[in-house]
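Colleague: I have some questions about the labels used for this model. Walk me through the reasoning behind them.

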Amino acid sequence: MSDSENEEEKKELDLSSNDVVTKYKLAAEIANKALALVISEAKPGVKVFDLCQKGDEFITKQVSTLYTKAKVKIDKGVAFPTSVSLNNVVGHYSALEGDTLELKEGDVVKIDLGAHIDGFAAVVAHTLVLQEGPVTGKTADVIAAANTAAEVALRLVRPGKKNMSVTEAFKKVAEAYDVKMVEGVLSHQMKQFVIDGNKVVITVAGPEAKVDEAEFEENEVYAVDVVVSSGEGKPRILDEKQTSVYKRALDKEYKLKLKASRATLSEINQRFPVMPFTIRELKDKQAKLGVKDCVTHELLTPYPVLHEKQGDIVAHFKFTVLLMPNGSDRITGHPVQELKPDKEVDDPEIKAWLALGTKSKKKGGGAKKKAKKAGEGSSKEAESKEGGKDEELPDAAE
């Protein structure tokens, strides 16, 4: 292969390729629909396990209908297992069979999931409260803070801006609502088959929590992750047995001694070589033992279930954003229920961030373009608010 062909192949792996953009948006459409399904099913008395299973089953079924006629087999599926974390649980609670935990009235429910097409992942997380009417008081403050921080991040994660400016903005928003950003949360750049790239935004920076300074660039993709707490924002593991989500550590190799462990690792390498997975998807019923052995030898990276203190409220929002030439395109998300927080944002800097647009202004245009824009304005605005028009794209999917 010539140097020019190599360069062309490299270009096709980012947003400069229409095919790549299409795959991200198809994955986002499925993730958004899966999130909407889980939200609609989230009612008092429903088991967390059932919600997790329904989310994953929906994603798996939907992606199976895409690219069925492709000349080369395209990997597709769950990019992050459906997790449903309640109240003071920060995240990653993806229930296993036999788990009897049920939703109840007033629960603060955090749903986290993702889908991918050909390794191009779209992830999303959302918070809702199981109640009728608007959410009020401290719970509303926490959710409003997380949502505001996410909206600010959408406007600051753009070409030319630095990652630390987002971290500083998070701190300002948390102070305005008198809450805490949860420590240890990172927003990652994503690439093909990589959901946790090296360019990151750290939610809370400190002497022991530092990341390299980085500048956002055009054609990059980010999973912006925001978690806010009414407590200290310093979560901890209470029970390691609750962990059920793992990811293969690709830089680690070790010859396992136990036959059962080798069988488990073989299944993981075949079915979940790069994306996070949940134990409930493993066919071997004794997989827990094999997984434990793999973790001991650092072959798997766990996503532990973290907790704030009992009684604390935790809210979580996550969205996928494409840094397109014409601006930031948030492709995942869901409308937030009505909130009536006690706190109001008076900080002029936060208000200025929120007032920023997410699209770049195009130079020139002429009378014809202006007339066309005026005629399409209402429909384009509606699509923008809904996160973009649903795309079936049957030809591309073949």
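**Reasons behind the labels**

Modeller: Start with His316. Its side chain makes a polar contact with the side chain of Asp225, at 2.5 Å. Bear in mind that this is a predicted model.

Colleague: What makes that a polar contact?

Modeller: The limit for a pair of N or O atoms is 3.5 Å. The side chains of His316 and Asp225 come to 2.5 Å, so the pair qualifies.

Colleague: Why is His316 called buried?

Modeller: Buried means under 20% relative accessible area. His316 has 6%, so it is buried. The residue lies in strand β15, residues 314–324. Leaving aside neighbours within four places in sequence, its contacts include Lys110, Asp112, His126 and Val227.

Colleague: Lys110 is on that list. Which residue is its bridge partner?

Modeller: Ser85 is the bridge partner of Lys110, which is in β3. Strands β1 and β3 (residues 108–117) pair in the antiparallel sense.

Colleague: How do you know that β1 and β3 pair?

Modeller: Pairing takes at least two bridges. These strands have eight, so they pair.

Colleague: Why is strand β1 described as largely enclosed?

Modeller: Ten of its eleven residues are buried, so the rest of the structure largely encloses it. The strand covers residues 76–86.

Colleague: What about cysteines? How many disulfides are there?

Modeller: The count is zero. A disulfide would need two cysteine sulfur atoms within 2.5 Å. Cys52 is at 0% relative accessibility, so it counts as buried. Cys294 is also at 0%, and is buried.

Colleague: Now the rings. How many aromatic pairs are there?

Modeller: Five. One of them joins Phe216 and Tyr222.

Colleague: Why is the pair of Phe216 and Tyr222 called edge-to-face?

Modeller: Edge-to-face means planes over 60 degrees apart. Here the planes are at 85°, so the label fits. The centres are 5.1 Å apart. Both residues are buried.

Colleague: And what makes the pair of Tyr246 and Phe277 tilted?

Modeller: Stacked needs under 30 degrees, edge-to-face over 60, and the rest are tilted. The angle is 35°, so this pair is tilted. Its centres lie 6.4 Å apart. Tyr246 is in strand β11 and Phe277 in strand β12, 31 residues apart, so the pair links distant parts of the chain. Ring pairs also link Tyr246, Phe272 and Phe277 into a cluster.

Colleague: Where does the charged end of Arg330 sit?

Modeller: Over the ring of Phe319, 5.4 Å from its centre. Lys23 lies over the face of Tyr67, at 5.5 Å from the ring centre. The distance limit is 6 Å.

Technical notes
Residues numbered from 1 in each chain as written. Predicted model: local features only at pLDDT ≥ 70, side-chain atom pairs only at ≥ 80, totals over all residues. Heavy atoms only, no water. Helix = DSSP H or I, 4+ residues; strand = E, 2+ residues; numbered from the N terminus. Buried < 20%, exposed > 50% of the residue type's maximum accessible area, 1.4 Å probe, protein only. Polar contact = N/O pair within 3.5 Å; in protein donor to acceptor, adjacent residues only side chain to side chain. Contact = heavy atoms within 4.5 Å. Phe/Tyr/Trp six-rings, centres within 6.5 Å; stacked < 30°, edge-to-face > 60°. Lys NZ or Arg CZ within 6 Å of the ring centre and 35° of its normal.
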